Amino acid sequence: MTTTRARRHVTVRGVVQGVGFRPFVHALAAEHGLTGWVANDARGVDTEVEGPSAAVDAFCREIVTRAPPLAVVESVAHHSVPLGHDTGFTIRPSGTGPGRTLVAPDTATCDACLAELADPADRRYRHPFLTCTHCGPRFTIVTGLPYDRATTTMSGFPLCEDCAREYADPDDRRFHAQPIACPHCGPRLTLLHAPGTAHRLPAALDAPGAVRDGEALAQARRMLADGAVLAVKGIGGYHLACDASDPLAVRTLRKRKNRGDKPFAVLADGLATAERIAHVDAAERALLLGQRKPIVLLRRRDPAPPEVTAGVAPGSPDLGVMLPYSPLHRLLLGLPGDPPGPGVLVLTSGNRAGEPIATDDADALRRLDGLADAWLLHDRPIHVPCDDSVVRVCDGVELPVRRSRGYAPFPVALPARVVPALAVGGDLKNTFCVGDDRYAWLSAHVGDMDDLATLTAFERATAHLAELTSVRPRLLVADLHPGYRSSQWALRTGRARGLPVVRVQHHHAHIASALAEHVLDGSRPVIGVAFDGTGYGDDGAVWGGEVLLADYAGYRRFAHLGYVPLPGGDAAVRNPYRMALAHLWAAGLPWSPALPSVCVATPGERSVLARQLERGFNCVPTSSMGRLFDAVSSLTGVCHRVAYEAQAAMELENAALADRDTTAGASYGFGLRPESEDDGAPLVADAGPVLAAVVVETLAGVPVERIARRFHDSVVALVRDVCRAARARTGLDTVALSGGVFCNTLLTSGCRAVLEQDGFTVLAHHKVPPNDGGLALGQLLVAARTSE
């Protein structure tokens, strides 16, 4: 009986480079007795296989069903080609040319590598840079495509004989693992002490007192145990680290970084420690242990355990916790048998307030001078800055707060084709986005666009992401706000390159981002609830408490919070007590001296503020829900001045979560009326009745936690009432929840519950952040539709 032979050319697209896909194909072909070849190209992976027809069929099926753990196969196409004359199966050199593939994010160290790290018999024992095809840096070291060692920052580290043998062995876990390294050929650690290091890097590396490799790590651990602050070079940038159990070390770091009371994140040495310091449910445990290993916001245990001093997250019931995602982190926390040391480290971005994270060694020595007592650095360059990701869990589902390491640049599949475009996002929590055809690639977290260093980092990152994705923008997209630095950059760049710039209203973009991540094509509008702090409105006011009837092509304002003055602009944002007084004034409520927010302002300041409000001087009107949260936070005495964005609202949420009285009375009620007598006029939600009730209960001594909970319940009831009214008028029954206020899990969960009880389909964020970190995705989709 003659066996029919076949040969097929197979094209695989998706996240298939840097994830061990070619070694997998080689092994799969060998398993089925096939000959042929496999290669990377600029679009993905190409392979040809030849052998018995049944074996070729099985290969084509299993290339999808048995793909490596880090791979994401988006498409497989294959067609018959003439039989060849291969004598075996080979990995060919990578091809070049036009096209696109999807680069893998940086991935946490796998269990097999962690076992080698702790095994004294293994040649990579205690090697801080061990990796394999299933783990390690990818995005932050890639300099170009196709993905090969020559197009990574490992190109300057020639392979030793042993690593070269593993790299070439199809049966080895490191077969064609591009970042492969060992103590003989890989990057090296250096510890530099503060005196004399704040100058050019080459001199610093040769400075007296510089120590290397194992001794550098041992000294770093001793310094952390003794209360020092270390600058530690990680995968995507520098961190500042100290012992989380040492109150003095934490205070020192907080003072040096001018951190105020903003909580620090911590790095715990394992799941058992994480569960000792915080409550961890099943969904949170999966995030802590998964391959992305983000910072997970957990409910800290009360009373506070000794591993984490109260100064790590003062006044917050939440604690940002992550587990080691690199070998260096694991070694800093210690292996079995190591001298005792901290089991939990504060690990915060290596920068000064408002600056981007430091990645370049010379720059880190300069910028972190005065913050760190020593620098633990290495000689593998970081090509792309990438901060740690931050997530919460809401109703058992992941809620991104900052989408960066471990996620970027993984693409978001789009519900419709888009022209090649770059959407620049907003000015806070900036994340930009490039898109083409049916994909959008969001950048890593860039930061707040308030200084030259961040703008420079933004410009470099846009060029790099466009290069990796082969997107050549024919369109730029920016926020409507005339003062946004991101928008100004887009206008300058558009003029210089001859590219059109589409401006998208802020809250329309928020709703569009929710539609996009749920892969809705926009053929039917939704009821979009967009609650945040600041967004430029069509009428020049500061919007932020909006209910829109929206699709990608446009929107109509169905309802909004009533306008109140924003006295002094940013001064009111930084000082919630000013917002409280403005809200009381707008509601016609007296400034009772017994109210906490009134007491904070001096008599002279109250007098000036009253004249300012009466005359409307420097008082832009705002409908912001974020500012209403600020006002209530101050009225109840929770927070009067903020040191970081959304502090007052977050502390109000924390107070509400602390309310134990689940049987207490009903929520307060917003007033709801048409804005005018015109048919179709928007509804206006009047916060006056809510504020009046808050004032009465505050003066009556009702516990702050109870008032905070009732206020949250009141906002939930408002959302329910407005959505009911919108459905009655339009028949729409899908609600999208977006904007930074919906990082509040109490509010998001409450809105989802009452809306689903009413039969609505609810779209909440779980792939991109509801805050401005997801704005660019919505901008992209709106621009694609409006530019048709």
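**A tour of the cavities, cores and salt bridges**

Start with the largest cavity: 18 residues line it, and Pro128, Ile235, Ser326, Pro327 and Arg380 lie nearest its centre. Keep in mind as you click around that this is a predicted model. The cavity has a volume of about 140 Å³, and its lining divides into 8 nonpolar, 8 polar and 2 charged residues. Now colour helix H10 (residues 327–333), which supplies the largest share of that lining, 3 residues. If you want to hunt for others, the count comes to 5 cavities of 30 Å³ or more.

Next, the nonpolar cores. Select Ile527, Val529, Met625, Leu628, Phe629, Phe670 and Leu755: these have the most contacts inside the largest nonpolar core, which has 65 residues. Add helix H22 (residues 704–730), the source of the largest share of this core, with 10 residues. Then zoom in on Leu755 and leave out anything up to four places away in sequence; what does leucine 755 touch? You should find Val719, Arg720, Cys723, Val735, Leu737, Phe760 and Val762. Another core, of 40 residues, lies apart from this one; Ala231, Cys242, Ala274 and Ala278 are among its members.

Hop over to helix H16 (residues 576–586). Here 9 of the 11 residues are buried, so the helix is largely enclosed by the rest of the structure. The buried stretch includes Arg578 and His583 as well as Met579 and Leu581. Just after H16, check the backbone at glycine 588, where phi is positive, about 70 degrees.

Last stop: salt bridges, 40 in total. Show Asp57 and Arg8, whose closest N and O atoms are 2.3 Å apart. This pair links helix H2 (residues 53–65), home of aspartate 57, to strand E1 (residues 5–15), home of arginine 8, across 49 residues of chain. Aspartate 57 is partly exposed at 30% relative accessible area, while arginine 8 is buried at 17%.

Now try Glu546 and Arg557, with 2.7 Å between the closest N and O atoms of their salt bridge. Glutamate 546 sits in strand E23 (residues 542–550) and arginine 557 in strand E24 (residues 555–561), 11 residues apart. Buried or exposed, these two? Both are buried.

Back at H22, pick Arg710, which meets Glu697 in a salt bridge of 2.3 Å, N to O. Glutamate 697 belongs to helix H21 (residues 688–699), so to speak 13 residues away from arginine 710. Arginine 710 is buried, with 13% relative accessible area, and glutamate 697 also counts as buried, at 16%.

Finish by selecting Arg5, Arg7, Glu48, Glu50 and Asp86 together, and you have a network of salt bridges.

Key:
Residues are numbered from 1 along each chain as its sequence is written. This is a predicted model: local features need pLDDT of at least 70, side-chain atom pairs count only at pLDDT 80 or more; totals for chains, interfaces and linings use all residues. Side-chain values use heavy atoms; hydrogens and water are left out. A nonpolar core is a set of buried Ala, Val, Leu, Ile, Met, Phe, Trp, Tyr and Cys residues joined through side-chain atoms within 4.5 Å. Buried means under 20% relative accessible area, exposed over 50%, partly exposed in between (1.4 Å probe, protein chains only). Helices (H or I, at least four residues) and strands (E, at least two) are DSSP runs, numbered from the N terminus. Contact means heavy atoms within 4.5 Å. On a 1 Å grid over the protein atoms alone, a cavity is a set of points where a 1.4 Å probe fits but cannot get out, and a pocket is an open set with protein on both sides within 12 Å along at least five of seven lines; lining residues have an atom within 4 Å of a point. Grid points are joined across faces, edges and corners, and a volume is the space filled by probe spheres set on the points. Ala, Val, Leu, Ile, Met, Phe, Trp, Tyr, Cys and Pro count as nonpolar, Asp, Glu, Lys and Arg as charged, and the others, Gly among them, as polar. A salt bridge is a side-chain nitrogen of Lys or Arg within 4 Å of a carboxyl oxygen of Asp or Glu.
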